[in-house]
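Here are my notes on the model, as numbered points. They go from the overall description to single residues.

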Amino acid sequence: ETCYIEDAIRNLCKLLYKHFGVNPIVLIDEYDTPLIEAYTDGYWDEMITTCRQLFHNTLKENDYLGRAIITGVTKVSKNSLFSDLNNLLVATVTDDIYTDCCGFTEQEVMDALKCQNIDDMKKVKEMYDGFIIGHQKDIYNPWSITNYLDKKQLRPYWADTSSNGLVNKLIQTAPAETKELIEQLLKGESIEVKFDEQIVFEQLDKSHDAIWSLLVASGYLKIDYVEYKGLLLNPWYHISITNFETLS
């Protein structure tokens with residue numbers, strides 16, 4: 001029997017159900033990483049076709065799916081890869097629904113350092129603190145903290161976990177005013193910008209503000225607070241570099 005990659009996860013769900021008698025939970029982390037690489041390297045059409053069918057078969061035409069959680073830095077939108085899916089709950093970095101589930105809280109980091117007999121919280125906070133999820137501040141990247149606990153060295157561990165190709169491309173093609181704002185950020189300043197928090201791939205080439213959405217969603221920048229202006233109360237985001245680790 002011929003097997004296709006588009007059916008891989010659906011077939012795995014079926015096998016898991018047959019063995020355990022329970023519809024499995026599907027966790028898709030960084031769903032858009034293959035698309036980011038394809039967008040950057042010029043094989044978008046081939047990759048989008050494959051991914052669209054893979055996710056359709058996994059999440060729509062799958063009798064053995066319990067539920068699914070999808071994470072990524074670009075919006076799971078009705079206009080993109082998941083256009084035929086219903087009942088999606090979309091949460092961004094400004095939503096409160098998963099505030100303490102997306103990283104280590106400061107208390108958890110303090111407890112972990114104490115268990116390892118490490119008295120370096122001030123330096124750890126300066127290097128790795130800064131992520132903000134909803135109204136929850138002082139969120140730490142688990143990858144950075146666990147690596148620090150293992151190696152006992154203050155390094156930018158997080159920066160080595162993903163490609164920066166798309167970010168570099170957007171910066172290179174950005175207008176002069178955007179590059180000036182980036183220079184302000186690199187000086188440690190906060191800037192005020194307006195952007196679509198839930199950007200989709202189809203808008204990356206059409207909106208110069210897309211870079212702010214991407215940098216916020218991927219963790220390079222944090223939203224210090226949102227200010228609503230005008231008769232329509234449009235959101236303006238006050239953003240800055242997350243911490244020393246992302247700056248480096």
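1. Cysteines. This is a predicted model, and I looked at the sulfur atoms before anything else. The closest cysteine sulfur to that of C101 belongs to C102, at 6.4 Å. A disulfide requires two cysteine sulfur atoms within 2.5 Å, so the separation of 6.4 Å between C101 and C102 is too far for a bond. Seen from C102, the closest cysteine sulfur is the one in C101. The search of the whole structure returns 0 disulfides.

2. Exposure of the cysteines. C101 counts as exposed because its relative accessibility is 58%, and the cut-off for that class is over 50%. C102 has a relative accessible area of 49% and is therefore partly exposed.

3. Overall description. The protein has 10 helices and 8 strands. Its C-alpha atoms fill a box of roughly 60 × 50 × 35 Å along the principal axes. Of the 248 residues, 37% are buried. Among contacts with a separation of 6 or more, 64% are between residues 24 or more positions apart.

4. Surface and charge. The accessible surface is about 14,900 Å², and carbon and sulfur atoms contribute 52% of that surface. The protein carries 23 positive and 39 negative charges, and the mean positions of the two sets are 2 Å apart. The counts are unequal, 23 against 39, but that says nothing against the 2 Å figure, which concerns mean positions.

5. N117. Which sign does phi take at N117? The angle is positive, about 55 degrees, although N117 is not a glycine. N117 sits in the loop that joins α4 (106–115) to α5 (121–128). With a relative accessibility of 72%, N117 is classed as exposed.

6. L233. A positive phi also occurs at L233, with a value of about 50 degrees, and L233 is not a glycine. The residue is found in the loop between β7 (221–229) and β8 (234–241). Its relative accessible area is 53%, so L233 is exposed. If you check backbone angles, N117 and L233 are two places to look at.

7. T242. Is T242 buried or exposed? T242 lies in the loop between β8 and α10 (244–247), and it is buried because its relative accessible area is 3%, with the limit for buried set at under 20%. The T242 side chain reaches the backbone oxygen of G219 at 2.7 Å. A polar atom of that side chain also lies 3.5 Å from the backbone nitrogen of L221.

8. Surroundings of T242. Setting aside neighbours within four places in sequence, the contacts of T242 are D129, G130, F131, G219, Y220, L221 and K222. G219 and L221 thus appear in this list as well as in the polar pairs, G219 through its backbone oxygen and L221 through its backbone nitrogen.

9. H208. The loop between β6 (191–193) and α9 (210–217) holds H208. At 51% relative accessible area, H208 is exposed. Which residues does H208 touch, not counting those up to four places away in sequence? They are T173, P175 and T178. From H208 to L15 the C-alpha to C-alpha distance is 46 Å, and the two residues are 193 apart in sequence.

Note on methods: Residues are numbered from 1 along each chain as its sequence is written. This is a predicted model: local features need pLDDT of at least 70, side-chain atom pairs count only at pLDDT 80 or more; totals for chains, interfaces and linings use all residues. Side-chain values use heavy atoms; hydrogens and water are left out. Buried means under 20% relative accessible area, exposed over 50%, partly exposed in between (1.4 Å probe, protein chains only). Helices (H or I, at least four residues) and strands (E, at least two) are DSSP runs, numbered from the N terminus. Contact means heavy atoms within 4.5 Å. Accessible areas come from the Shrake-Rupley method with a 1.4 Å probe; for residues, only the protein chains shown count as cover. Lys and Arg count as positive and Asp and Glu as negative; His and the chain ends are not counted. The place of a charge is taken as NZ of Lys, CZ of Arg, CG of Asp or CD of Glu. A polar contact is a pair of N or O atoms within 3.5 Å; within protein, one must be able to donate a hydrogen and the other to accept it, and residues adjacent in sequence count only if both atoms are side-chain atoms.
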